[in-house]
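Notebook open, coffee poured. I wanted to go through this model piece by piece and jot down what I looked up.

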Amino acid sequence: MAEQTVFLSDDVVARFLRYDDLIPRLEEVMGKFSQSDSSDVVQPVRSAIPIHNHNGFLGMMPAYIAYDDTLCMKVLAYYSRKENSSLPSLKATVLLFNPEYGTITAIMDGTDITLKRTAAVSAISAKLLMPAQSDVLCIIGCGDQAVSHYEIFTQLFSFKEVRVCSRRLETAERFAAGVPGPVKVFSSAKEAVHGADIIITLTTSSEPVLFGEWVKPGAHVAAVGACRPDWRELDDVLIRDAVIYVDSRDGAALESGDIILSGAEVFAELGEVLNGTRPAFRNKTTVFKSLGMGIQDAVSAKLVFDKWKSSQ
Ligand SMILES: NC(=O)C1=CN([C@@H]2O[C@H](COP(=O)(O)OP(=O)(O)OC[C@H]3O[C@@H](n4cnc5c(N)ncnc54)[C@H](O)[C@@H]3O)[C@@H](O)[C@H]2O)C=CC1
Ligand SMILES: O=C(O)C1=NCCCC1
């Protein structure tokens, strides 16, 4: 019973967290979350407190997954950094508990978990919602999440063209130089998204960066930034004209400025589409508004810990 708490550093977590193990677990847990009659998965909306002096917030993301007996909490600190800052926007730590005793089994760096599970969930949304013939991928915002999104999207799908754009041209150029495949760099988001089949917004902006009039009808947008109730990445036109999918209705109603301030109606949770209880409108313009969920961190942390343990 008195097990030792283990500390797993970022490189260890990265070594044991693989997309092909992660994706089916994320699909399973998001499906269970969206079953209205299920108590298998318990996850409140993230609670957040401001870190006024440093332009940030601390977020707490607990989750319990009964079917797998996984008890977990991620604690993250998010900062709105200046463009030229060398510091990351996000620091995250994941606590994995022994659910029977309440002791801490493992403390893990949460960086790679956050990067990979977020990108994997966006890829799940694309698998379900992007047009059947999707040739052009466009990524707006070229930070850490752009790297993991590029990795999984180019692994899972075959695009004829990948485009990127960021607030500063140098950032997009640096990104393009650092990834293995060909990438077209744009200095304007309007030009970058023209004709794109799938657009991923991965910015730290609190103002819209993507406008409905630029987006090709039928395109799929995975909107990953703007995680506070007064922040936007998308304009009202886009969000009102598209069919809106979210990871959690409760989370979107409390945390997503794009949903709250536009007054948009959420059509479905991604889990409902996975369960087959709500349709995936591939032929319409769709937006998946991602905010991140504690259950996604929990399945990731359990996966890492089990793999690490069997390697000992
Ligand atoms: N939905 C989810 O589960 C999660 C969402 N996030 C969010 O994803 C976003 C990206 O995170 P990171 O890549 O870690 O941040 P980062 O700081 O590494 O990169 C952000 C990028 O956005 C660019 N950017 C900022 N304003 C822009 C604008 N107006 N137009 C174009 N580009 C702009 C910056 O130049 C930078 O390249 C953040 O908003 C973060 O909160 C992060 C983790 C999980
Ligand atoms: O789910 C997460 O982790 C995050 N979501 C929004 C931004 C900060 C990290």
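**The sheet**

I began with V221, whose bridge partner in β15 is V287. Strands here are DSSP E runs of at least two residues, helices are H or I runs of at least four, and both are numbered from the N terminus. V221 sits in a strand pair, β12 (residues 220–223) with β15 (residues 286–289), parallel over four bridges. I call two strands paired if DSSP finds at least two bridges between them.

Ground rules, before I forget: this is a predicted model, local features need pLDDT of at least 70, side-chain atom pairs count only at pLDDT 80 or more, and totals for chains, interfaces and linings use all residues. Residues are numbered from 1 along each chain as its sequence is written, while chains are lettered from A and ligands numbered from 1 in the order in which they are written.

Next I traced the whole sheet: it is open, has eight strands with parallel pairing, and runs β10-β9-β8-β11-β12-β15-β13-β14. At the edges I found β10 (184–186) and β14 (266–269), each pairing on one side only. From one strand to the next, the twist averages 20°.

Then the helices on it. α3 touches β11 (198–201), β12, β13 (243–246) and β15, and its direction makes about 165° with that of β12. α5 (residues 169–178) touches β9 (161–165) and β10, at about 145° to β9. Contact means C-beta atoms, placed from the backbone, within 7 Å; axes are lines fitted to C-alpha atoms, for helices over the stretch in contact, with angles from 0 to 180 degrees between N-to-C directions.

**The domains**

I looked up the split: domain 1 (6–113 + 295–311) and domain 2 (131–293), with bounds from an automatic or database domain assignment. Their C-alpha centres lie 22 Å apart. The contact takes 16 residues from domain 1 and 20 from domain 2.

**The ligands**

Where does ligand 1 lie? Both domains give residues to its shell, so ligand 1 lies between them. I count 28 residues around ligand 1, the closest being G141, G143, Q145, G225 and G292; near means a C-beta atom, placed from the backbone, within 6 Å. α3 (111–129) and α4 (144–156) each give two or more residues to that shell, and α4 gives the most, with three.

Ligand 2 is surrounded by L76, Y78, L90, T114, C227, L291 and G292. Each domain supplies at least three residues to the shell around ligand 2.

Note on methods:
Contact = placed C-beta atoms within 7 Å.
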